[in-house]
Amino acid sequence: MLWVKSLHIVFIASWFAGLFYLPRIFVNLAMVPPESVAERERLLLMARKLLRFATMLAVPAIVFGAWLWMGYGIGRGPGNGWMHAKLALVVVVIGYHHGCGVLLRRFAAGQNRRSDRWYRWFNELPVLLLLAIVILVVVKPF
């Protein structure tokens, strides 16, 4: 079980690293002047590669987490309400990841309607989600 837990933690940390950085690329994309085609294309390439890499990290993170939950019974049974809250937040993280893909497609199509300031705030959400998830797992408040 400790191997599975270790791998889950490593893939979660790596996945979140991608989710922390991808919206920073969006901030830069939102600030690119229309005449800077090469800069825009370079940032789009970076964002596409990072999204693909983060997705490849998300899959084993979710698989190892499911293995811990269903295979080893972590968070199952009475007194494990924290796991329900954690799983709800994991669904939000997956939605955030998907949302990043939608935003990237809009940038690529030239349809971005948001400011760099909006993306700066958008970038804070995964930090808050990770903080809440770690607190739920470590403290197990309910």
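A residue counts as buried here when its relative accessible area is under 20%, as exposed when that area is over 50%, and as partly exposed in between. With those words in hand, welcome to the close-up views of this predicted model.

**Figure 1. The whole chain is built from five helices and zero strands.**
Following the chain from the N terminus, you will meet the elements in the order α-α-α-α-α. Taken along the principal axes, the C-alpha atoms fill a box of roughly 60 × 25 × 20 Å. The chain has 142 residues, and 33% of them count as buried. Keep this overview at hand as you go through the closer views.

**Figure 2. The largest pocket holds about 630 Å³ of space.**
There are 28 lining residues, and H8, I12, K86, I133 and V137 are the closest to the centre of the pocket. Two or more lining residues come from each of α1 (2-31), α2 (37-71), α3 (81-108) and α5. Which helix gives the most to this lining? The answer is α3, with eight residues. Sorted by class, the lining has 23 nonpolar residues, together with two polar and three charged ones.

**Figure 3. D116 and R120 form a salt bridge in helix α4.**
The structure holds two salt bridges, and this view shows the one between D116 and R120. Their closest N and O atoms are 3.3 Å apart. Where do the two partners sit relative to each other along the helix? Helix α4 spans residues 116-122, and because D116 and R120 are four residues apart within this helix, about one helical turn separates them. D116 is partly exposed, with a relative accessible area of 25%. R120 is partly exposed too, at 33%. As general background, side chains of opposite charge can pair when their charged atoms come close.

**Figure 4. R40 and E41 form a salt bridge.**
In this pair the closest N and O atoms lie 3.0 Å apart. Is R40 buried or partly exposed? R40 has a relative accessibility of 25%, so it counts as partly exposed. E41 has a relative accessible area of 39%, which makes this residue partly exposed as well.

**Figure 5. Five residues make a nonpolar surface patch of about 460 Å².**
The patch is made by L131, V134, I135, V138 and V139. One of these residues, V139, is found in helix α5, which covers residues 125-139. Its relative accessible area is 54%, so V139 counts as exposed.

**Figure 6. K140 has a positive phi although it is not a glycine.**
The phi of K140 is about 50°. Why might a bench biochemist pause at this value? Most residues other than glycine have a negative phi. K140 is placed in the segment after α5. With a relative accessibility of 42%, K140 counts as partly exposed.

**Figure 7. P126 in helix α5 is a buried residue.**
P126 lies in helix α5, and its relative accessibility is 1%. That value is under 20%, so P126 counts as buried. A17 makes a useful partner for this view: P126 and A17 are 109 residues apart along the chain, and their C-alpha atoms are separated by 9.5 Å.

**Figure 8. L19 in helix α1 is buried and is shown here with L50.**
L19 lies in helix α1. Is L19 buried or exposed? At 1% relative accessibility, L19 counts as buried. Along the chain, 31 residues separate L19 from L50 in number, while their C-alpha atoms are 8.8 Å apart.

**Figure 9. V92 in helix α3 is shown with L125.**
V92 has its place in helix α3. Its relative accessibility of 39% falls between the two cut-offs, so V92 counts as partly exposed. How many residues apart along the chain are V92 and L125? They are 33 residues apart, and their C-alpha atoms are separated by 10.0 Å.

Key
Residues numbered from 1 in each chain as written. Predicted model: local features only at pLDDT ≥ 70, side-chain atom pairs only at ≥ 80, totals over all residues. Heavy atoms only, no water. Patch = residues over 30% accessible without salt bridge, like charges linked within 9 Å, V, L, I, M, F, W, Y side chains within 5 Å. Areas by Shrake-Rupley, 256 points an atom, 1.4 Å probe, with all protein chains shown as cover. Salt bridge = Lys/Arg side-chain N within 4 Å of Asp/Glu carboxyl O. Buried < 20%, exposed > 50% of the residue type's maximum accessible area, 1.4 Å probe, protein only. 1 Å grid on protein atoms, 1.4 Å probe; cavity = no way out; pocket = protein on both sides within 12 Å on 5 of 7 lines; lining within 4 Å. Points joined across faces, edges and corners; volume = space filled by probe spheres on them. Nonpolar A, V, L, I, M, F, W, Y, C, P; charged D, E, K, R; others polar.
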